[in-house]
Amino acid sequence: MRPRSILLRLTLYFSITSTAVLLFGGFFVGRLVEAHLAEQDRMALEGKLELVRSVLAGARTEDELAAVPGALAAALVGHHDLFVSVVGPDGRRLYTSPGFEFAPGWATMAAGTLVREHDGRHFRVASALAPTGMPGTTPETVVVAVDIDFHRQFMTGFRNSLWLAIAVGIALSALLGWFSARRGLLPARKAIDLMQRISADRLGERLPPDSVPQELAPLAHAFNEMLTRLEDSFRRLSDFSSDLAHELRTPISNLMTQTQVALARARTADEYREILYSSLEEYERLSQMTSDMLFLAKADNGLVARRTERVDLAVEVERLFAFYEALAEERGVRLVAAGEGWARVDRDMLRRAISNLLSNALRHTPRGGAIRVTIGTDSTGQAELVVENPGAPIAAEHLSRLFDRFYRVDAARRGEGEGEGTGLGLAIAKSIVQAHGGSIHAANGDGVFRLSVTIPAT
């Protein structure tokens, strides 16, 4: 089943909560009013009992006792819902409210006892013994009853009005909950509208964190960070596509020019052979670039196969020095190695990464300079290999991008010696190091450019 919308959920939760609160409040208020009315009846009954006791206590002779009914009748004038009965010990009724018949069992009821129905009416009854003022006489039994039908009618009307108010309150709460939830989700709808407007050419838009509630601020911040990453990735992809097109255009243009020149007139076999050798160099450059791009594509998707083994880093560096020795002598550059260390890596992949670092250093080291490779262990116990060469300082904003594909520090596409590479050497070295769980960093200072590689030791 399709999940319910957040708006519907919030409205339901708010409605259920407000309904529970209103129902409990209505029930509590109803019980309070009913208890208040019962307390009023009880106080009225106790008051009349005290009145009757006072009248009986004032009767000190038979004549005064005979005058008690008249005194009670006068005292109860205007109390149409109140009834009194005074019964002697011999069962003789000294006084009974006119037009009313008391039930026999009422004489033993406690104060405030509720009689649900008597002669079609409802009463609250109280009874007590009241001694007369004559010495040696037995106390009279006094029964007081109050008609509560008016209170019952009031409570019925009150409950109906209360439940109607509660029903209206529930409906208004649901409507208010829907409105509040809709207003509360307005920032989310704005974010959705912004997401719908975003495209590859509109990645610069951002969701202002101040325009959303505090609970959604982390979401807005994460969304803006995602847009920043996407914008940076698109920019890098665009730069990479432009650089790739430029790198491919040069050898293809050279091949086309050489072919056009070769076809312009008839040539000797040696001339054709020379043109073919020149074309072969461009084909090799294209093949190397294609191979490098394929390797990077596999590395980006974790498809590079590794066969790890324990490798002596010093031995691998010495072997690469032997390979580059002739080129270094031709350029007047010395190769110096120091230190030792071991790592568990793919030997061929590591050799390719170090080779790329040395090739990069050779292209940028001036004549008479020295390339130093230092092997050791960093503070975390990982193997560390540092390649240093003298050279012009590189601005800090370029250091982090040196490992981007085809990235150029200066505005010129090619500097001195750069034509020998494909522009992917450092990018491949970074992919190889990261594939082994390591890291690579660039730094410069005091006229020295430094590439530091850190990989897990054995």
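**Exercise 1. Place Ser452 in the model and decide whether it is buried or exposed.**

Step 1. Ser452 sits in strand S12, residues 448-455. Strands are DSSP runs of E with at least two residues, helices are runs of H or I with at least four, and both are numbered from the N terminus.

Step 2. The model is predicted: local features need pLDDT of at least 70, side-chain atom pairs count only at pLDDT 80 or more, and totals for chains, interfaces and linings use all residues. Residues are numbered from 1 along each chain as its sequence is written, and side-chain values use heavy atoms, without hydrogens and water.

Step 3. The relative accessible area of Ser452 is 16%. Buried means under 20%, exposed over 50%, partly exposed in between (1.4 Å probe, protein chains only). So Ser452 is buried.

Step 4. Leave aside neighbours within four places in sequence. Ser452 is then in contact (heavy atoms within 4.5 Å) with Leu385, Val386, Ser439, Ile440 and His441.

**Exercise 2. Find the buried residues of H5 and say why they lie on the same side.**

Step 1. Helix H5 covers residues 186-197.

Step 2. Its buried residues are Pro187, Ala191 and Leu194.

Step 3. They span an arc of only 60° around the axis, so they lie on the same side of H5. The arc is taken from the directions from the helix axis to the C-beta atoms.

Step 4. An α-helix has 3.6 residues a turn, so residues three or four places apart point the same way.

**Exercise 3. List the residues of H9 and H11 that make their contact.**

Step 1. H9 is residues 347-364 and H11 is residues 425-435.

Step 2. H9 gives Met349, Leu350, Arg352, Ala353, Asn356, Leu357 and Asn360.

Step 3. H11 gives Gly425, Leu426, Ile428, Ala429 and Ile432.

Terms used
Expected span 1.5 Å × (residues − 1). Axes fitted to C-alpha atoms, helices over the stretch in contact; angles between N-to-C directions.
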